[in-house]
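Biologist: I would like to learn how to read a model of this kind, beginning with its empty spaces. Could you take me through it slowly?

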Amino acid sequence: MRLTIVAVGQKVPDWAQTAYDDYAKRFPPELKVELRAVKTEPRGSKTLETLLAAERSRIEGAIARGCRIVALDERGTAVTTMALAENLKSWQLSGDDVAIVIGGPDGLDAGFKQSAHQRIRLSDLTLPHAMVRVLLIEQLYRAWSITINHPYHRE
């Protein structure tokens, strides 16, 4: 199974990249995790609709055909770590490749969110984008550890 994290925004602080890389390298070969950063549309005097449409186009270009799409959305379904582990297990059993999408400063295009197979939120808090990448990869690693009874997750 391939798990692709598509994130709008190319630059993150070194601490965030280091933390992300640390978790990403822990996954087993049969669960390939890949990060695809796409360019944030320059803000300037463009309308929000124009900005989000441009980012949507880049996001869609970064997602392999046939992938299950999970959009991170502040109004998405709240998931527990155990629920995320169940999702991950289900995706693995179905053989689906999955793309989890992190929007840019203004979020994701509404039509894109509606077309996603699933919309989830990581937190009720507003988080910096760099932190979202780290939190997401850590929770995916924790979810994977639950599915194989690895000691990383202890209840």
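Biologist: How much space lies in the largest pocket?

Modeller: Rolling a probe the size of a water molecule over the atoms shows where empty space is left. Please keep in mind that this is a predicted model. Here the largest pocket holds about 520 Å³ of space. It is lined by 22 residues, and those closest to its centre are Leu72, Asp73, Glu74, Leu127 and His129.

Biologist: Which elements supply at least two residues of that lining, and which gives the largest share?

Modeller: Strand S3 (68-78), strand S5 (118-121) and helix H5 (129-147) each supply at least two residues of the lining, and the largest share, 4 residues, comes from S3. If you sort the lining by the character of its residues, you find 9 nonpolar, 6 polar and 7 charged.

Biologist: Two of those elements are strands, so to speak of S3 and S5 together, in what sense do they pair?

Modeller: S3 and S5 pair in the parallel sense, over 5 bridges. To place yourself in that pairing, look for threonine 77, which stands opposite isoleucine 120 in S5.

Biologist: And along S5, which side chains are buried and which are not?

Modeller: The side chains of S5 alternate: Gln118 and Ile120 point to one face and are buried, whereas Arg119 and Arg121 point to the other face and are not buried.

Biologist: Let us turn to charged side chains. How many salt bridges are found in the whole structure?

Modeller: A salt bridge is a side-chain nitrogen of Lys or Arg within 4 Å of a carboxyl oxygen of Asp or Glu, and a search of the whole structure finds 15 of them. Glutamate 41 is a useful residue to begin with, since its side chain meets that of lysine 46 in a salt bridge with an N to O distance of 2.5 Å. Glutamate 41 also forms a salt bridge with arginine 58, where the closest N and O atoms are 2.6 Å apart. This second pair links distant parts of the chain, with glutamate 41 in the loop between strand S2 (32-38) and helix H2 (48-62) and arginine 58 in helix H2, 17 residues apart.

Biologist: Is glutamate 41 buried or exposed, and what of its partners?

Modeller: Buried means under 20% relative accessible area, so glutamate 41, at 10%, counts as buried. Lysine 46, at 39% relative accessibility, counts as partly exposed, and arginine 58 is partly exposed with a relative accessible area of 27%.

Biologist: What separates glutamate 60 and arginine 56 in helix H2?

Modeller: They are separated by about one helical turn, because glutamate 60 and arginine 56 are 4 residues apart in helix H2. Their side chains meet in a salt bridge of 2.8 Å, N to O. Glutamate 60 counts as partly exposed at 40% relative accessibility, and arginine 56 counts as partly exposed at 25%. Elsewhere, salt bridges that share partners join Arg2, Glu34 and Arg36 into one network.

Biologist: Stepping back, how many helices and strands does the protein have?

Modeller: The protein has 5 helices and 5 strands, and read along the sequence they follow the pattern β-α-β-α-β-α-β-α-β-α. The radius of gyration of the protein is 15 Å, close to the 15 Å that the globule rule gives for 155 residues, so the protein is as compact as a globular protein of that length. Its C-alpha trace spans about 50 × 35 × 30 Å along the principal axes, and buried residues make up 40% of the 155 residues.

Technical notes
Residues are numbered from 1 along each chain as its sequence is written. This is a predicted model: local features need pLDDT of at least 70, side-chain atom pairs count only at pLDDT 80 or more; totals for chains, interfaces and linings use all residues. Side-chain values use heavy atoms; hydrogens and water are left out. On a 1 Å grid over the protein atoms alone, a cavity is a set of points where a 1.4 Å probe fits but cannot get out, and a pocket is an open set with protein on both sides within 12 Å along at least five of seven lines; lining residues have an atom within 4 Å of a point. Grid points are joined across faces, edges and corners, and a volume is the space filled by probe spheres set on the points. Ala, Val, Leu, Ile, Met, Phe, Trp, Tyr, Cys and Pro count as nonpolar, Asp, Glu, Lys and Arg as charged, and the others, Gly among them, as polar. Buried means under 20% relative accessible area, exposed over 50%, partly exposed in between (1.4 Å probe, protein chains only). Two strands pair if DSSP finds at least two bridges between them. The radius of gyration is taken over C-alpha atoms; the globule rule is 2.2 Å times the number of residues to the power 0.38.
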